[in-house]
Amino acid sequence: MIMLGIETSCDETAAAVVVDDRRILADLVLSQESEHRPFGGVVPEVAARAHLAHLDGLIGRAMQVAGVDFPDLAGVAATGGPGLIGGVIVGVTTAKAIAAVHGLPFLAVNHLEGHALSARLSDGIAYPYLLLLVSGGHCQLLIVDGVGDYRRLGTTMDDALGEAFDKVAKMLGLGYPGGPLVERAARSGDSGGFALPRPMLGRPGCHFSFSGLKTAVRHAAAGLPAAGPARDAAVADLCASFQAAAGDALADRTRNALAIFRARHAGVATLVIAGGVAANAYLRGRLAALAKAEGAQLVAPPLRLCTDNAAMIAWAGIERLRLGLTDALDFAPRPRWPLDPQAPPVGYAGVKA
Ligand code: KG4
Ligand code: ZN
């Protein structure tokens, strides 16, 4: 079973061809970073136009790299949401057109499901597992019991962690996207250099909050030297201190989630980390240490499967097609699409689903 996957929900135009035996025949990602950099963040209208300009050609290249033709496909999967709606519409419409012309099943994949199942593509792990999904738009702990079977244990009450990394980078003048730049600056810094708050630490439950931490970084940043080596050293210390606080938060919340997971499922717990922030080596290290201390198995997909890509969308399409979960061609793209619609609402304004 060969699946074409399409991802256009944010600022990466991506197309991939994946086989149901977990072989990735093609996995192309076209980053729009340079188009958004002048604005210091993703501009939805710019993103939608760039997807429109590049997607057709990218799909053609992916098919060529994979050495397959449309009749060889078992289906076409595209991210159907959540995300920037202009981009999602581009991907969904393209996938529907290919499906209609070639008489193929169409699968609308939840972008978060793509991240959630990526470790089954990379590592072939079995259900159930605990998922820590940390990206630019999401920060969630979920139990994954099967395809479409998710229980959200916690989410962020304000910013997603990737968003916090991006904002910290912006306030320190490091550039965009911020995550990798903060990580690089932190490498030469002292994580004890600044005393930053650890929101939610030690509290029961699995919800996250990063806005207080972000505000504390903003205050600290205002007091840094204006330029020169002293500033560079202070920026490094502040980045390291921020990253350490984020690591404490992730470890604390994930420890609570592991306890809930264990109460539901016997045996060795598997902890999967996914999403763009999972590319952070320091945070991976913190979670590896937590998993070791808790006797859990940590699975972290390779970096290119952690950040946005279409291979994970193709794979989720394969898992859905196996179960006959295809979508009609009148599927409407969804700007919001929670993985666990039953999850109790978090009692704060501005909570991310
Ligand atoms: O999953 P992703 O590619 O896109 C979505 O948000 O869906 O995640 C992108 C986010 C950005 O906020 C980026 O700054 C963050 O992941 N990120 C990182 C690192 N690499 C990417 N954050 C911390 N450390 C990194 N090395
Ligand atoms: Zn993503």
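Visitor: Where does M200 sit in this model?

Guide: M200 is placed in the loop between helix 6 and helix 7 (211-222). Bear in mind that this is a predicted model.

Visitor: Why is M200 called buried?

Guide: The relative accessible area of M200 is 11%. Buried means under 20%. The value for M200 falls under that cut-off, so the residue counts as buried.

Visitor: What marks the backbone of M200?

Guide: Its phi. For M200 the angle is near 75 degrees, a positive value in a residue other than glycine.

Visitor: What about R22: what is its phi?

Guide: Phi of R22 is near 80 degrees, again positive and again not in a glycine. R22 belongs to the loop between strand 2 (12-19) and strand 3 (24-31).

Visitor: Why is R22 called partly exposed?

Guide: Its relative accessibility is 37%. Buried residues are under 20% and exposed ones over 50%. The value for R22 lies in between, so it is partly exposed.

Visitor: Let us turn to the zinc ion (ligand 2). Which residues coordinate it?

Guide: H111 and H115 each use NE2, and D308 uses OD. The distances run from 2.1 to 2.2 Å.

Visitor: How do you know that these atoms are donors?

Guide: A donor is an N, O or S atom within 2.8 Å of the metal. The atoms of H111, H115 and D308 are at 2.1 to 2.2 Å, so they qualify.

Visitor: Why is the site of the zinc ion (ligand 2) called irregular?

Guide: The angles among its four donor atoms run from 92 to 151 degrees. A tetrahedral site needs all angles between 85 and 135 degrees. The upper value, 151, breaks that rule. Square planar needs opposite donors over 155 degrees apart, and 151 does not reach that either. The site is therefore irregular.

Visitor: How are the donor residues of the zinc ion (ligand 2) spaced in sequence?

Guide: The pattern is H-x3-H-x192-D. H115 is in helix 4 (residues 111-122), while D308 is in the loop between helix 10 (303-306) and helix 11 (311-322). These two are 193 residues apart, so the pair links distant parts of the chain.

Visitor: Are H115 and D308 buried or exposed?

Guide: H115 has 1% relative accessibility, and D308 has 15%. Both values are under 20%, so both residues count as buried.

Visitor: On to helix 8 (residues 229-264) and helix 9 (residues 281-294). How do their axes lie?

Guide: The axes come within 9 Å and cross at roughly 35 degrees. Helix 8 passes helix 9 in a right-handed crossing.

Visitor: Which residues meet there?

Guide: Helix 8 brings several, including A244, G247, L250, A251 and L258. From helix 9 come Y282, L283, R286, L287, L290 and E294. By kind, the contact has nine nonpolar, three polar and five charged residues.

Visitor: What makes G247 and Q243 in this contact count as polar?

Guide: The polar class takes in whatever is neither on the nonpolar list nor on the charged list, Gly among them. Q243 and G247 in helix 8 are on neither list, so they count as polar.

Visitor: Where is A291, and why is it called buried?

Guide: A291 is in helix 9. Its relative accessibility is 2%, under the 20% limit, so it is buried. A291 is in contact with A296 and L298, leaving aside neighbours within four places in sequence.

Visitor: How do you know that Y129 is buried?

Guide: Its relative accessible area is 0%, which is under 20%. Y129 lies in strand 6 (residues 129-134). Beyond four places in sequence, its contacts include L117, V144, F261 and T270.

Visitor: How far apart are Y129 and T270?

Guide: Along the chain they are 141 residues apart, yet their C-alpha atoms are separated by 5.1 Å.

Visitor: Which peptide bonds are cis?

Guide: One joins Y127 and P128, with omega about -5 degrees. Another runs from Y176 to P177, with omega near -10 degrees. P128 is in the loop between helix 4 and strand 6. P177 is in the loop between helix 5 (161-171) and helix 6 (178-186).

Note on methods. Residues numbered from 1 in each chain as written. Chains lettered and ligands numbered in written order. Predicted model: local features only at pLDDT ≥ 70, side-chain atom pairs only at ≥ 80, totals over all residues. Heavy atoms only, no water. Donors = N, O, S within 2.8 Å, 3.2 Å for Na, K, Ca; no water. Tetrahedral: all angles 85-135°; square planar, octahedral: opposite > 155°, others 65-115°. Helix = DSSP H or I, 4+ residues; strand = E, 2+ residues; numbered from the N terminus. Buried < 20%, exposed > 50% of the residue type's maximum accessible area, 1.4 Å probe, protein only. Axes fitted to C-alpha atoms, helices over the stretch in contact; angles between N-to-C directions. Left-handed = near helix turned anticlockwise from the far one by under 90°. Contact = heavy atoms within 4.5 Å.
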